[in-house]
Amino acid sequence: MTTTALRAKPLQEDWIDIDWKEELKNNITTLDELQQYIPLTATEKEELTDVVKAHPMNIPRYYLGLIDPADSQDPIRKLCVPEVDELIVAGAMGETTPDPYGDDRHDKGNGVLHKYSYTALVVGTEYCAMYCRHCFRKRMVGLPTEQTVRNFQEAAKYFAEHTELSNVLISGGDPFMLPTEVVGKMLEALVDIDHLNYVRVGSRAPVVYPIRFFDDELIALLRAFNRRKTLYVPTHFNHPAEITAEATEAILRLREAGIAINNQAVLLRGVNDDVDTLVELKNGLLQIGVNPYYLYQCMPVARVRHHFQVPLKSGVDIVDDARKRLDGYGKRFKFIIGHDIGKIEICGRIGDKLIMKQLHARSDQAEESSRMLVRRLTESGGWLDDLPAVEL
Ligand code: SF4
């Protein structure tokens, strides 16, 4: 059944009746397949072979259809098609790490990461409908990993025992790529943990694989869970061209199940690092009922930072100029550095001083949360650690 009431644009192709599991088998995973859609020179193909060995390619046909094949600088292309720049582990923007968010240090085993006292995360799967080229968990998505949950009941036991938790995030990879029955079992294991105010399932599927939400069984399951414990779906739209009729349909189905959807975008060079694109993205999200929540500064991820990170000096101006054009709901989002020490909001700048506020700190450094931070902006600095301290 199709929801039509709020859909502004007609569906480009009728994806509604396609079996989501079957369609995944049509994903573009090899360079030979890619070449049927996008022209690649022999040199490019040779170089990209090394890239996809390190970080596999996985592009749904639906998402590939959003690319203009004639435009080598197409922003959607940059998000999904491997680039030769991925061979650069660090590069012009500075040092990198495979684990910029410090996940590994908070790994409790069995896929559980517990970084902040009130929030824990469980890695439901390392598989995603698409392997985004800018992913900060690039070290594990689509690759063999020990960090995926092996026994969800055990993970739920951990959450039940840790009464300081107010919420749990099922993440990945993309948990909605698991069979509906498995998603149901995971949620059921959490529903009776009274100290959890809510549960989140983080998913980019509404953006890259909206077909998943055309599965009535999944929507019914989420609706039923949401009546017993509040469910949020954080998602990840980066560009207004991703807000298609199909993505809108997926969002509407989630909203009709009573689920609030918060967007966590990443500021990415050549994708959304201009004022018009950001304004269009935030307004487009509001139109379809998605809350603009975070805009992340691109992390110093190996094979990502060099070509995707925007210097903070220009980034803060782009974000501020976009905010000036947005209404109250549009400007609710926070511009965030997701640092190893915790989450830091970039409030703005005064001259060459960047003004920040720490929002979350690691549980053993609670005194750091809510502190103000000021650093001096440099021309190319793209991360907190690049910016010199300032005497106030
Ligand atoms: S869907 Fe999310 S976890 Fe998966 S590759 Fe994209 S950004 Fe990474």
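# A tour of the predicted model

Begin with Thr-29, which sits in the loop between helix H1 (20-24) and helix H2 (31-35). The structure on screen is a predicted model. Thr-29 counts as partly exposed because it has 16 C-beta neighbours inside 10 Å, a number that falls between the limits of 12 for exposed and 20 for buried. Leaving aside residues up to four places away in sequence, select Met-57 and Asn-58 to see what Thr-29 touches. Then add Leu-113, which is 84 residues from Thr-29 along the chain. The C-alpha atoms of Thr-29 and Leu-113 are 29 Å apart.

**The sheet**

Next, select strands E1 to E11. They form an open sheet of 11 strands, with mixed pairing, in the order E1-E2-E3-E4-E5-E6-E7-E8-E9-E10-E11. Which strands are at the edges? E1 and strand E11 (372-376) are the edge strands, and each pairs on one side only. From one strand to the next the twist averages 30°.

Start at the E1 edge. Strand E1 covers residues 112-116 and is mostly covered, with 5 of its 5 residues buried. Now add strand E2 (residues 119-125), which pairs with E1 in the antiparallel sense over 3 bridges. To find one of the paired positions, select Tyr-116 and its bridge partner in E2, Thr-119. The link from E1 to E2 is a hairpin of 2 residues.

Move on to strand E4 (residues 198-201) and strand E5 (residues 230-235). These two run parallel and are joined by 3 bridges. Val-199 is a useful residue to select here, since opposite it in E5 stands Leu-231.

Keep E5 selected and add strand E6 (residues 260-267). What is the sense of the pairing between E5 and E6? E5 and E6 pair in the parallel sense, over 4 bridges. Select Thr-235 and then Asn-263, its bridge partner in E6.

Another parallel pair is strand E7 (residues 290-297) with strand E8 (residues 334-339), joined by 3 bridges. Tyr-294 has Lys-334 in E8 as its bridge partner.

**Helix H7 and its contacts**

Now hide the strands and select helix H6 (residues 152-161) and helix H7 (residues 180-191). Their axes come within 9 Å and cross at roughly 25°. H6 and H7 are therefore roughly parallel to each other, as angles under 35 degrees are counted that way. The crossing of H6 and H7 is right-handed. To show the contact, select Phe-152, Gln-153, Ala-156 and Phe-159 on H6, together with Lys-185, Met-186, Ala-189 and Leu-190 on H7. Coloured by class, the contact of H6 with H7 shows 6 nonpolar, 1 polar and 1 charged residues.

Keep H7 and replace H6 with helix H9 (residues 216-228). At what angle do the axes of H7 and H9 cross? They cross at roughly 5° and come within 10 Å. H7 and H9 are therefore also roughly parallel to each other. On the H7 side of this contact, select Thr-180, Val-183, Gly-184, Leu-187 and Val-191. On the H9 side, select Glu-217, Leu-218, Leu-221, Phe-225 and Arg-228. By class, the contact of H7 with H9 has 6 nonpolar, 2 polar and 2 charged residues.

Now step back along the chain from H7 to Pro-179, in the loop between strand E3 (167-172) and H7. Is Pro-179 buried or exposed? Pro-179 is exposed, because 10 other C-beta atoms lie within 10 Å and the limit for exposed is 12 or fewer. Select Leu-218 again as well: the C-alpha atoms of Pro-179 and Leu-218 are separated by 9.0 Å, although the two residues are 39 apart along the chain.

**Helices H11 and H13**

For the last stop, select helix H11 (residues 275-287) and helix H13 (residues 312-324). The axes of H11 and H13 are 9 Å apart, and the helices pack at an angle of about 50°. H11 and H13 are therefore oblique to each other. H11 passes H13 in a right-handed crossing. The residues to select on H11 are Val-275, Leu-278 and Val-279, and those on H13 are Ile-318, Asp-321 and Ala-322. The contact of H11 with H13 divides into 5 nonpolar, no polar and 1 charged residues.

Methods
Residues numbered from 1 in each chain as written. Predicted model: local features only at pLDDT ≥ 70, side-chain atom pairs only at ≥ 80, totals over all residues. Axes fitted to C-alpha atoms, helices over the stretch in contact; angles between N-to-C directions. Parallel < 35°, antiparallel > 145°, perpendicular 65-115°, else oblique. Left-handed = near helix turned anticlockwise from the far one by under 90°. Contact = placed C-beta atoms within 7 Å. Nonpolar A, V, L, I, M, F, W, Y, C, P; charged D, E, K, R; others polar. Pairing = 2+ DSSP bridges.
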